[in-house]
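The following paragraphs offer a guided reading for a reader who meets this structure without prior acquaintance. Please keep the sequence and the model in view while reading.

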Amino acid sequence: MDAKIVNRYSDEELEEFRVLIESKIAEARKAMEVYQEAYASSGNDTTDTAPTFKNMEEGNQVLSKEENSRLAGRLDKYIANLEAALVRIENKTYGIDRMTGKLIPKERLRIVPHATLDIDSKIKEKQK
């Protein structure tokens, strides 16, 4: 990042983003609890012990647990990215494109509050 950072969001704007990010973290943690509960619950009972039904049911549980685990992993990464954004707010570097040093538009940050690149930089990064 060769560009010198000249602009930054005001303290009031940073506070607005902090509130938004903290609410996103709370939502994500609630969703994480649901995935963790679903993953932890085995659902094993003796209501139907027919071998065919049991095999189908166990296969479905494995797929469901794998999906829950995958989704929980994505959520965990999302939460970590949001927490990193809170650190950038504290450092007053939030909303600054890490490639160009320019401000990321507020509209983008409201949609993707953990963004570290504006759209143009993101496209350039993907092309590398």
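**Aromatic pairs and nonpolar cores**

Across the whole structure, which is a predicted model, a search finds two aromatic pairs. One pair is formed by F17 and Y94, whose rings are tilted, with a distance of 5.1 Å centre to centre and an angle of 50° between the planes. F17 belongs to helix α1, whereas Y94 sits in the loop between α2 and α3 (106-111), so this pair ties together parts that are 77 residues apart in sequence. Y9 also enters the picture, for ring pairs link Y9, F17 and Y94 into a cluster.

Are F17 and Y94 buried or exposed? F17 has a relative accessible area of 1% and is therefore buried. Y94 is buried as well, because its relative accessibility is 0%, and the cut-off for this class is under 20%.

From the rings the description passes to the nonpolar interior. In soluble globular proteins, nonpolar side chains tend to be buried together. The largest nonpolar core of this model has 13 residues, and the members that touch the most others are I21, I89, Y94 and L109. Two elements, α1 (11-40) and α2 (51-90), give two or more residues to this core. A second core, separate from the largest one, consists of five residues, among them A28, M32, L75 and I79.

Which residues are in contact with L109, leaving aside its neighbours within four places in sequence? They are Y9, F17, L20, Y94, G95, I104 and A115. The three residues of the aromatic cluster, Y9, F17 and Y94, thus reappear in the list of contacts of L109.

Two further positions complete the description. A80 is found in helix α2. With a relative accessible area of 41%, A80 is classed as partly exposed, because this class lies between the limits of 20% and 50%. Although A80 and I25 are 55 residues apart in sequence, their C-alpha atoms are 9.0 Å apart in space.

S121, by contrast, has its place in helix α4, which covers residues 119-127. S121 counts as buried because its relative accessibility is 3%. Once the neighbours within four places in sequence are left aside, the contacts of S121 are with D97, M99 and T100.

Conventions
Residues numbered from 1 in each chain as written. Predicted model: local features only at pLDDT ≥ 70, side-chain atom pairs only at ≥ 80, totals over all residues. Heavy atoms only, no water. Core = buried A, V, L, I, M, F, W, Y, C linked by side-chain atoms within 4.5 Å. Buried < 20%, exposed > 50% of the residue type's maximum accessible area, 1.4 Å probe, protein only. Helix = DSSP H or I, 4+ residues; strand = E, 2+ residues; numbered from the N terminus. Contact = heavy atoms within 4.5 Å. Phe/Tyr/Trp six-rings, centres within 6.5 Å; stacked < 30°, edge-to-face > 60°.
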